[in-house]
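User: Please take a close look at a single part of this model, the sheet together with the helix that packs on it, and walk me through how the pieces fit together and how they relate to the ligand.

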Amino acid sequence: MQQSAKPSMSWLLKYLKPVRGRLLLLLILLLASTGAQLVNPQIVQRFIDTAAANGIVSSLLVLAGIYLVFAVLNQILTVAISYLGNDVSWRATNQLRGDLLKHCLRLDMRFHNLKTPGEMIERIDGDVTNMSNFFAMFIIKVIGSFVLLAGILGYMFTINWPIASVMTLFTLASIGAMVFIRNLGVTSSKDERGASAALFGLIEERIAGIEDVQANGNVPYVMNRFYRSMRNVFLKGRKAWMLRVIPWNTTVVLFAIAVTAVLMLGVHYFLTDQISLGTLFLIYQYTQMLNDPIEQLGDQVQEFQKAKSGMLRSQELLASRTEIMEGTQTALPDGALGLEFDHVHFSYNPDKPVLHDITFTVRPGERLGIIGRTGSGKSSLSRVLLRLYNINSGTVRVGGIDIRDLKLEALYRRVGMVTQDVQLFDGTLRDNLTLFDGSISDDYILGTTERLGLKQWIDSQPEGLDTHLKAGGASLSAGEAQLFALTRVFLTQPSLVILDEPSSRLDAATEAMLQSAVDQLMQNCTGIVIAHRLSTLEQVDHIMVLGDGRILEFGEREVLAKDPTSHYAQLLITGREEDLA
Ligand SMILES: Nc1ncnc2c1ncn2[C@@H]1O[C@H](COP(=O)(O)OP(=O)(O)OP(=O)(O)O)[C@@H](O)[C@H]1O
């Protein structure tokens, strides 16, 4: 995985573009609401002055009615703004969540090996949720606050300029302070997000391994780690929050000073008969109202810090590049595909080579059985063939074409793999067999399973193809899961298949069914079988013995069987199946 691109905030505009119409409407509503807020104190001012001058009751009633209309209108506008704001925020952030998930699904295994699923959930959802307010309300609220401030101050200058000057001074000081310290909490907010992602990673990992945790009596240790991780989130969160609220606290202090000054001046002007009682009320009301947009700006500065930390993390993620570069070729030869490894070297980490100078050829339609002790590199061989990792040097060719020159989709369309670790998704049996590809008909699925000898198994499921399976595979036995995985691959009609056989405890009937399914599967394609049973090896043409990432033996099965010095012949003589694993 490589990093690229310097973080910048302009990329966010891309997500706001599709919702620009709604944003405009939001802005219009906000301006209308600001207008309504500005009008109300003026109505009250008139009301007080009319009442103080013993004005007629009907005028007072009209003024009260207008006040009510504006108050209700303002409330309706507030609800509409909140609704639209959330709508915009969900639309924009869902798009970003989608992009992050798509990006993560394309990142290579070296990246995913270092991350837990829980951590990834936090990055794809948690970080983006932190930005959601920013998307919807930041620009709108900042603009709205400035418009309201300008309206209040502008109007105040027409009434009493010394008081208006004090209010302006306070406003400028508050905004200046906020701008100056706006980035104070960004780094610690980022740390807080990191700690939270680690906590989710820990929970997910321990719950995924619940069997081992319970069976080994590890719950107290897990809880200990959990509390330590939570404490870390708490400490990081507290620090981030304290730094984020400093701008807000600053404005509270400044506001208290401003209100005192304005009220003292207002009372002075009232006592010297320079302003009416209604105007004094208006001044008081507007001073109070000044607090709202400034507090709003303070909130937005806090939100900005949270959003910026989320943005930086999301951008980092989007900037990470997969090491698996696609080729351009889309066409592989028709029919079964041959396979060639040509002086292939591979390692997960630079300091520990896993495959050394692997060279072999499997011709189209042939079957190769791979055996070797645990850790000898059998699975790694299939991983590099499927381009889950890049090899260090050498060439792997499928159908005569270097797999690096192929588009990944072209490779995956023709090469299938059945692993021992079958992943089930939350959905019906049909969804799981077709991997949610709705274009595969039930007739085709049932026809295929019939040919594989698996129909009986599907029929035994309570609702056939509509049977609901639970994610994770808890609802299937190991043998059933293996049958299932075979069917899944067979439906894609592969031309080269890699089969990591179950080493497991299948009963004789299931094993026979599995064997006949494998034979069917391999009739029209080339097969690589990581063999765990001697009986499987009877079906293959060639045998490769791996040891410490090197080919110890490679040859035709029948030739090796007749050579008493070969590993394979030794296995046949001793019958030590455990040596296969
Ligand atoms: N993701 C990984 N990161 C680092 N090293 C790994 C990784 N996966 C496997 N290895 C190492 O690579 C070597 C070969 O592993 P591999 O899984 O290919 O063996 P295997 O022959 O398939 O073993 P088994 O039969 O037990 O599945 C081992 O030493 C293993 O520790």
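Analyst:

**The sheet, its helix and the ligand**

In this predicted model, β3 and β6 run antiparallel and are joined by five bridges. Within β6, the residue that stands opposite D342 is T395. On another side of the pairing scheme, β3 also pairs with β4, again in the antiparallel sense, and here there are seven bridges; V344, for instance, has I358 of β4 as its bridge partner. The third pairing is that of β6 with β7, antiparallel as well, with two bridges between them, and R397 stands opposite D402 of β7. These last two strands form a hairpin with two residues between them, and in that turn G399 has a positive phi of about 60 degrees.

Taken together, the four strands make an open sheet in the order β4-β3-β6-β7, with antiparallel pairing. Because β4 (352–362) and β7 (401–402) stand at the edges and each has a single partner strand, one side of each is left without a neighbour in the sheet. As background to this arrangement, strands of a sheet pair through backbone hydrogen bonds, either parallel or antiparallel.

The helix to consider next is α11, which packs on the sheet and touches β3, β4 and β6 (393–398), its direction making about 70 degrees with that of β4. The buried residues of α11 are K378, S380, L381, V384 and L385. Seen down the helix axis, these buried residues of α11 fall within an arc of 165 degrees, so they line one face of the helix. The general background is that an α-helix has 3.6 residues a turn, so residues three or four places apart point the same way. Just after α11, R387 takes a positive phi of about 55 degrees.

The ligand brings the strand and the helix into one picture, since β3 (339–349) and α11 (378–385) each supply at least two residues of the shell around it. The largest share of that shell, three residues, comes from α11. Of the 13 residues around the ligand, those that come nearest are Y348, T374, K378, S379 and S380; K378 and S380, already met among the buried residues of α11, are thus also among the residues that come nearest to the ligand. By class, the shell around the ligand holds nine polar residues, three nonpolar residues and one charged residue.

Conventions
Residues numbered from 1 in each chain as written. Predicted model: local features only at pLDDT ≥ 70, side-chain atom pairs only at ≥ 80, totals over all residues. Near = placed C-beta within 6 Å. Nonpolar A, V, L, I, M, F, W, Y, C, P; charged D, E, K, R; others polar. Pairing = 2+ DSSP bridges. Contact = placed C-beta atoms within 7 Å. Axes fitted to C-alpha atoms, helices over the stretch in contact; angles between N-to-C directions. Buried ≥ 20, exposed ≤ 12 C-beta atoms within 10 Å, placed from the backbone. Arc of directions from axis to C-beta.
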